[in-house]
Amino acid sequence: MKIDRIRLYHLSAPLPEPIGNAKLFFDRRDTLLVEVAAGPLSGWGETWAAPAAAAAVIRAQLAACVLGRDPRHLGRLWHDMRQAAGPANGLGMMAVAAIDMALHDLVAQDRGVPLSVLLGGARRDRIPAYASGPFFKPGGHPYRDFEREVGGYLRSGFRAIKLRSGFRPADDAVAALTVRRMIGAEAPLMIDFNQACTPRNAIATAALMEEAAPLWIEEPASPGDLAGYRLVSNHVRPAVAGGETYGTAAEFLPFLAAGAMDVLQPDIAICGGFTGVGQAAMLADLHDRPVVPHVWGGIVNFMAALHLAATLPERRAGAAEPFPYLEFDAGPNPLRDLFGRPALNRDGTVSVPDGPGLGIDPAREALEALLVEQAVVTA
């Protein structure tokens, strides 16, 4: 089996209204889907942070590493791509992530097994999901309508909520306490600051919302601010989570060594694909920390995180139910719903597909409706 073509699909989907967090707002969703083909089989990958630039890196630097080669040599291809991508973080690793993800999907399909089997074997057939939302809205109070939206999440079956925060400590605390009353005493409640506040501001906010008993607070400082993470971890009761922007597993090391990060959140579409995130998961295992993959972008990254979460070891880390959890972006997202919205079970879980590969079969017409640019690279 030899890889004979790579197709790149830059997709963009406008939203009904701008949404965001305490740091930024956006009015559309963008991503890059990557299809790696060997004869009649195709595997799918994704990277969402800089789709046009990642596509350029794939065409100029990475395609030559994989075209004409056997996709089953996953580790060798990953290391060759990483070397060709240049500095071991940032844009190059996003491009590597998309191809690595697609290669894993392709090889799993070739073997006729679910991707979770290729990753080492599923430990569970359904994953507890948390609704990541509501999002802030520009103009007026950012928390307006949040009770209505949280109520909708609960009616749809979610039993855990990750709330956006970082506006003003008093308002953030009122929102967290309100959501705690809505979801009950035992349901997981997470707080995401999205790098929007200073570490001391995060500490003050966490103190005001202590009665809400968050399971974790996320990104209470900028991604590389080790001193800030250490300060927060020494002054708050909830676990501290982060790492969604890291391009390599190595970036977690100083935070683990300092005891400043309790929940690791690598994004498969950013941190070097399954191979890169597998390295981060090994570090987490060595430090007895849970991994909760960050999920953004479209359906491919969502399904990738679902399969990965199925393989992760169980961790008792403060919640009524053991980790891992699946992040379910609950905002409007046509990229996630390209082939129908992922199904949420009545118990708040998402089932792991048992078909070959990721378990998706992209409809070309759905891609074409959102297509900005398409390219084909052949040997």
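## Exercises on a predicted model

H104 counts as buried because its relative accessibility is 7%, where buried means under 20% relative accessible area, exposed over 50% and partly exposed in between (1.4 Å probe, protein chains only). The structure is a predicted model, in which local features need pLDDT of at least 70, side-chain atom pairs count only at pLDDT 80 or more, and totals for chains, interfaces and linings use all residues. Residues are numbered from 1 along each chain as its sequence is written, and side-chain values use heavy atoms, with hydrogens and water left out.

### Exercise 1

Task: Place H104 and state which residues it touches.

Solution.
- Step 1. H104 belongs to helix α3, residues 90-111. Helices (H or I, at least four residues) and strands (E, at least two) are DSSP runs, numbered from the N terminus.
- Step 2. Leaving aside residues up to four places away in sequence, H104 touches L74, L115, L118, L119, F274 and T275. Contact means heavy atoms within 4.5 Å.

### Exercise 2

Task: Describe how α3 and α10 are arranged and which residues make their contact.

Solution.
- Step 1. The axes of α3 and helix α10 (residues 273-286) come within 6 Å and cross at roughly 100 degrees. Axes are lines fitted to C-alpha atoms, for helices over the stretch in contact, and angles run from 0 to 180 degrees between N-to-C directions.
- Step 2. The two helices α3 and α10 are therefore roughly perpendicular. Angles under 35 degrees count as roughly parallel, over 145 as roughly antiparallel, 65 to 115 as roughly perpendicular and the rest as oblique.
- Step 3. On the α3 side the contact is made by A97, D100, M101 and H104, and on the α10 side by G273, F274 and T275.
- Step 4. Sorted by class, this contact of α3 with α10 has three nonpolar, three polar and one charged residues. Ala, Val, Leu, Ile, Met, Phe, Trp, Tyr, Cys and Pro count as nonpolar, Asp, Glu, Lys and Arg as charged, and the others, Gly among them, as polar.

### Exercise 3

Task: Find the strands that pair with β4 and give a bridge partner in each.

Solution.
- Step 1. Five of the seven residues of β4 are buried, so β4 is largely enclosed by the rest of the structure.
- Step 2. Strand β11 (residues 349-351) runs antiparallel to β4, with three bridges joining them. Two strands pair if DSSP finds at least two bridges between them. I127 stands opposite V350 in β11.
- Step 3. β10 pairs with β4 in the parallel sense over four bridges, and Y130 stands opposite E327 in β10.
- Step 4. Strand β5 (residues 161-164) pairs with β4 in the parallel sense over two bridges. The bridge partner of A131 in β5 is I161.

### Exercise 4

Task: Locate the cis peptide bonds at P134 and P324, and the positive phi values of D145 and N194.

Solution.
- Step 1. Most residues other than glycine have a negative phi, and most peptide bonds are trans.
- Step 2. The bond from G133 to P134 is cis, with omega near 0 degrees; P134 lies in the loop between β4 (126-132) and α5 (146-156).
- Step 3. F323 and P324 are joined by a cis peptide bond with omega of about 10 degrees. P324 lies in the loop between α11 (299-311) and β10 (326-329).
- Step 4. D145, in the loop between β4 and α5, has a positive phi near 70 degrees. At 38% relative accessibility, D145 counts as partly exposed.
- Step 5. N194, in the loop between β6 (189-192) and α7 (199-208), has a positive phi near 50 degrees. At 9% relative accessibility, N194 counts as buried.
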